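Hi,

Here is the structure I promised to pass on. Have a look at it first, and my notes follow underneath.

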Amino acid sequence: MKYTLFFIFCCLFSVSALATDTATLTKQVQRAAQVHLTPNVGAIKNNSRLDFYITERLDYPGRTVYGPYRADLACKSYALDSHWLIVAGTCMRVDNSDIWEYGDSQLITRFDREVFQKNGTEFTTFKNNARVMLVWSDQAQYRGPFVNVLAVSSPKQLFALEKTHTVKINTARYGRDGVRTREFDTTSAHGNYFKLDESWTQLSGTATDPLFLIAPNENEFLAGYNDGYVHYNYLRSLNDLIFPNDGLPSDTWYSLTQEDLHFIRHTVREKRPQDWERIKARLFYETTSAPYFE
């Protein structure tokens, strides 16, 4: 008798689990069908320079402390909303280049780093992690088409989406809007890093350059960034004034992650919660059919 009851219980549990899975799948399909994404054709070209400067002090073994030195920085930014910009997190990455002599970057310690706007006031309206940087403004000063943001669990998911989506980069190698169509190197996934299938004659990406997936309906999704360094010169000479910074090229790119979507949500809700309802409709995970946050 007890075995019969156990069998009946198992059957009921299985039916219940199947019903739950089916209901969840049905809900996802219905939600995707109900979503009407705001068209954003041209978002990949809708970028602007984000200019600011930093000051740093340097410590070099056998010498006194140097600085503070000032360095101008410029990174490619995109409008996420009328009050928000999104930038590669590598924009704030510390430069690893030599300064005085070959190999000295391995010995130099940088500290007391501060960030300022071009008008000389402290730059406080930004927040970043290793992959994404957000900048916000109390004034509605950024115009669309706004980017959609696509995060994935692995670059392999981007590779799978390539079957129905077009891969494009916007490289700053020779001008602001160097939009080029690319293909993935599907053997290159390592963590959330990957490479593109490029020949030596094709323009590779540089620091803070974006990678987009273009959906069949032509909506455009920011899906990754180039992993190059922003090399900056301290303003100590005329040459530094003429060439203050340079986005170094890299053949490596990185995808955005689920953690980045939650970083965006936390930052927006902390700094300007009134913008969240608009921005959450532009955040996607694993698919371009429906936003991640309900």
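Let me start with a residue that caught my eye: glutamate 56 is buried, with a relative accessible area of just 1%. Its side chain meets that of arginine 110 in a salt bridge, at 3.0 Å from N to O. Arginine 110, on the other hand, counts as partly exposed, at 22% relative accessibility. The two come from distant parts of the chain: glutamate 56 belongs to strand 1 (residues 47–59) and arginine 110 to strand 4 (residues 109–116), 54 residues apart.

Before I go on, the overall picture. Bear in mind that this is a predicted model. The average pLDDT of the chain is 86, and 82% of the residues score at least 70. The part to treat with care is residues 1–30, where the pLDDT is below 50; apart from near neighbours in sequence, that stretch has one contact in the model.

The chain has 294 residues, of which 45% are buried. Its secondary structure comes to five helices and 18 strands. If you take the contacts between residues at least 6 apart in sequence, 70% of them join residues at least 24 apart. The exposed surface is about 15600 Å², with carbon and sulfur atoms supplying 53% of it.

Back to the charged pairs. The count of salt bridges is 19, and a couple more deserve a mention.

- Aspartate 251 and lysine 195 form one, with their closest N and O atoms 3.1 Å apart. Aspartate 251 sits in the loop between strand 16 (249–250) and strand 17 (252–255), while lysine 195 is in strand 10 (residues 193–195), so this pair ties together parts that are 56 residues apart in sequence. Both partners are partly exposed: aspartate 251 has a relative accessible area of 45%, and lysine 195 is at 31%.
- Aspartate 72 pairs with arginine 70, and here the closest N and O atoms are 3.2 Å apart. Aspartate 72 is buried at 13% relative accessible area, whereas arginine 70 is partly exposed at 33%.

There is also a salt-bridge network to look at, linking Asp81, Asp138, Arg272, Asp275, Arg278 and Arg282.

Next, the strand I'd look at if you have time for one. How many of the residues in strand 13 (residues 220–226) are buried? Seven of its seven, as it turns out. Here is how strand 13 pairs up:

- With strand 7 (residues 148–151), strand 13 runs parallel over two bridges. Asparagine 148 stands opposite phenylalanine 221 there.
- With strand 12 (residues 210–214), the sense is antiparallel and there are five bridges. Proline 210 has tyrosine 225 of strand 13 as its bridge partner. Strands 12 and 13 form a hairpin with five residues between them, and in that hairpin glutamate 218 takes a positive phi near 75°.
- With strand 17, strand 13 is again antiparallel, over three bridges. Glycine 224 stands opposite serine 255 of strand 17.

Finally, two buried polar residues that I'd like your eye on.

Histidine 165 lies in the loop between helix 2 (155–161) and strand 8 (166–171). Its relative accessible area is 9%, so histidine 165 counts as buried. The histidine 165 side chain makes a 2.9 Å polar contact with the side chain of threonine 288. Leaving aside residues up to four places away in sequence, histidine 165 touches Leu213, Ile214, Ala215, Pro216 and Thr288. Leu213 and Ile214 fall within strand 12, which spans residues 210–214, so you can look at this spot together with the hairpin.

Aspartate 260 is in helix 4 (residues 258–271) and is buried, at 1% relative accessible area. What does the side chain of aspartate 260 make a polar contact with? The side chain of arginine 131, at 2.9 Å. With residues up to four places away in sequence left out, aspartate 260 touches Asn129, Arg131 and Val132.

That's what I have for now. Shout if anything is unclear.

Cheers

Notes: Residues numbered from 1 in each chain as written. Predicted model: local features only at pLDDT ≥ 70, side-chain atom pairs only at ≥ 80, totals over all residues. Heavy atoms only, no water. Salt bridge = Lys/Arg side-chain N within 4 Å of Asp/Glu carboxyl O. Helix = DSSP H or I, 4+ residues; strand = E, 2+ residues; numbered from the N terminus. Buried < 20%, exposed > 50% of the residue type's maximum accessible area, 1.4 Å probe, protein only. Pairing = 2+ DSSP bridges. Contact = heavy atoms within 4.5 Å. Areas by Shrake-Rupley, 256 points an atom, 1.4 Å probe, with all protein chains shown as cover. pLDDT = per-residue confidence, 0-100. Polar contact = N/O pair within 3.5 Å; in protein donor to acceptor, adjacent residues only side chain to side chain.
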